[in-house]
Amino acid sequence: MTRAAGLATADGASMEQIWAVYLEKPPRQATGTPRHTLPSPRTLTLTADSADIDRAAALLEGGGLVAFPTETVYGLGADARSGAAVARIYEAKGRPAFNPLIVHVHSAAAARAHVIWSDCAERLSRAFWPGPLTLVLPLGEGHGISPLVTAGLDTLAVRVPAHPAAQALLRAFAGPLAAPSANPSGRISPTTAAHVLAGLGGRIAAVIDDGPCPVGLESTIIGLAGDAPVLLRPGGLSAEAAEAVLKAPLGRAEAAAAPTAPGQLASHYAPAAAVRLNARVARQGEVHLGFGGIGGDLNLSPQGDLAQAAANLFGHLHRLDATGRPIAVAPIPDDGLGRAINDRLRRAAAPRAGPRNGPDRTDAPGRGRQA
Ligand code: TXA
Ligand code: MG
């Protein structure tokens, strides 16, 4: 689907006009630092029991931001129908306005209320929902989703997460939740509540702590709005598994001036430290992220299991990044989940302009570091 010129929305209003309704000014472009100070002096840590899930749903109904676990990574949820609530996501993350958000719903039936369904959507959703798969589909008539969610596109990314806490929250809230990964824009995705609090504590209303995310990599994004299905971002579901259900190879997204998925951005998911790939041994001063027989200071999976490596990837990067030393990473096989792991590692290692000054480092506009 097309993106209208100058970030205009599908109904013709410019993104700047829409921002003006919700915020004084749009958040600074391509930066990890928010423009505004949010009125959340303290971020509540909630459990996944039913009283706390109801509390989280009430905070969301009031337009607040609640981070919650999914099987992939922690998401930062807001009511996808409320422009004011969604604006707070962009503000809290310091997220560029042009990067659209995934809408989370509790079931395929709920997803169909917002998009134009298709045969491929039916097959993929039956096979992999709930689970680590996001489908991009044309927006449906009367979709009810705030234009800030799609950031000017006439398509919508939808996903049904499998995590019990995410399911419980979506059912208690009984509406669509826009939820990007719950990290400051451009930083490593969070796989624990502690990661969320380290990045966004004080900027969001609450986080539901239900332990580490089992998959550990963001969802696979498949575009179904064009002539043929396209892999927009490799992720927690292997492309091969989706291709087996579709009985056809997935197209690959072309690099575009206006990115439609983080897979098209050069530098992404980045730690503060420099990252060097395919390193069988560490150099002087480096910390070493191992895999299989290459031990390292921390090992993604001593058994060489790619699913275990995916689950450990962001957590291990967070820990090594905290040492303040450059990170050398052992080679990872490039098949199955290894493709998504290598995709995230390449982005973590991509050259970055601008100063490197830790977690609050900001990045120049147009460098494509989004979350
Ligand atoms: O596993 C996940 O997908 C996690 C959890 C929280 O669900 N979410 C996540 O969201 O990774 P986020 O915002 O960090 O990455 C989603 C990406 C966006 O950066 C955007 O590029 C892409 O999805 N996206 C969203 N809407 C799109 C659309 N209409 N067309 C193409 N890409 C879209
Ligand atoms: Mg993200």
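Me: Which hand does the crossing of H5 and H9 have?

Reply: Right-handed. Keep in mind that this is a predicted model. Here is the general idea. Two packed helices are described by the angle between their axes and the distance between the axes. Now the case here. Helix H5 (residues 119–128) and helix H9 (residues 239–246) have axes that come within 10 Å and cross at roughly 125°. That makes H5 oblique to H9.

Me: Which residues make that contact?

Reply: From H5, they are Cys120, Arg123, Leu124 and Ala127. From H9, they are Ala242, Val245 and Leu246. Look at the spacing in the numbers. An α-helix has 3.6 residues a turn, so residues three or four places apart point the same way. By class, the contact of H5 with H9 has six nonpolar residues, no polar ones and one charged.

Me: How should I read H2 and H7: what angle do their axes make?

Reply: Roughly 55°. Helix H2 spans residues 50–61 and helix H7 spans residues 164–173. Their axes come within 9 Å. H2 and H7 are therefore oblique to each other. Their crossing is right-handed. On the H2 side, the contact uses Ile53, Asp54, Ala56, Ala57 and Leu60. On the H7 side, it uses Ala168, Leu169, Ala172 and Phe173. The classes are eight nonpolar, no polar and one charged.

Me: Are H10 and H11 roughly parallel or oblique?

Reply: Start with the angle. Helix H10 (residues 306–321) and helix H11 (residues 337–349) cross at roughly 20°, and their axes come within 9 Å. Angles under 35 degrees count as roughly parallel. H10 and H11 are therefore roughly parallel to each other. This crossing is left-handed.

Me: Which residues of H10 and H11 meet?

Reply: H10 offers Leu306, Ala307, Ala309, Ala310, Leu313 and Leu317. H11 answers with Leu337, Gly338, Ala340, Ile341, Arg344 and Ala348. Sorted by class, the contact has 10 nonpolar residues, one polar and one charged.

Me: Now burial. How many residues of helix H3 are buried?

Reply: Count neighbours. A residue is buried if 20 or more other C-beta atoms lie within 10 Å of its own. In helix H3 (residues 83–93), 10 of the 11 residues are buried, and the helix is mostly covered. Among them are Val86, Ile89 and Tyr90, and also the charged-class residues Arg88, Glu91 and Lys93. After H3 comes glycine 94, with a positive phi near 65°. Across the protein, 55% of the 371 residues count as buried.

Me: And alanine 174: buried or exposed?

Reply: Exposed, because alanine 174 has 10 other C-beta atoms within 10 Å, and 12 or fewer counts as exposed. Alanine 174 lies in the loop between H7 and strand S7 (177–178). Its C-alpha atom is separated by 9.4 Å from that of alanine 110, which is 64 residues away along the chain.

Me: Where should I look around ligand 1, and which residues come nearest?

Reply: Look at the shell of 28 residues. Thr72, Gly75, Pro100, Ala157 and Pro180 come nearest. Two elements give two or more residues each: strand S5 (133–138) and strand S6 (155–159). S6 gives the most, with four residues. The shell divides into 15 nonpolar, 11 polar and two charged residues.

Me: How many helices and strands are there in the protein?

Reply: The protein has 11 helices and 15 strands. Check the contacts too. Among those between residues at least 6 apart in sequence, 71% join residues at least 24 apart.

Notes
Residues are numbered from 1 along each chain as its sequence is written. Chains are lettered from A and ligands numbered from 1 in the order in which they are written. This is a predicted model: local features need pLDDT of at least 70, side-chain atom pairs count only at pLDDT 80 or more; totals for chains, interfaces and linings use all residues. A residue is near a molecule or strand if its C-beta atom, placed from the backbone, lies within 6 Å of it. Two residues are in contact if their C-beta atoms, placed from the backbone, lie within 7 Å. Axes are lines fitted to C-alpha atoms, for helices over the stretch in contact, and angles run from 0 to 180 degrees between N-to-C directions. Angles under 35 degrees count as roughly parallel, over 145 as roughly antiparallel, 65 to 115 as roughly perpendicular and the rest as oblique. A crossing is left-handed if the near helix is turned anticlockwise from the far one by less than a right angle, and right-handed if clockwise.
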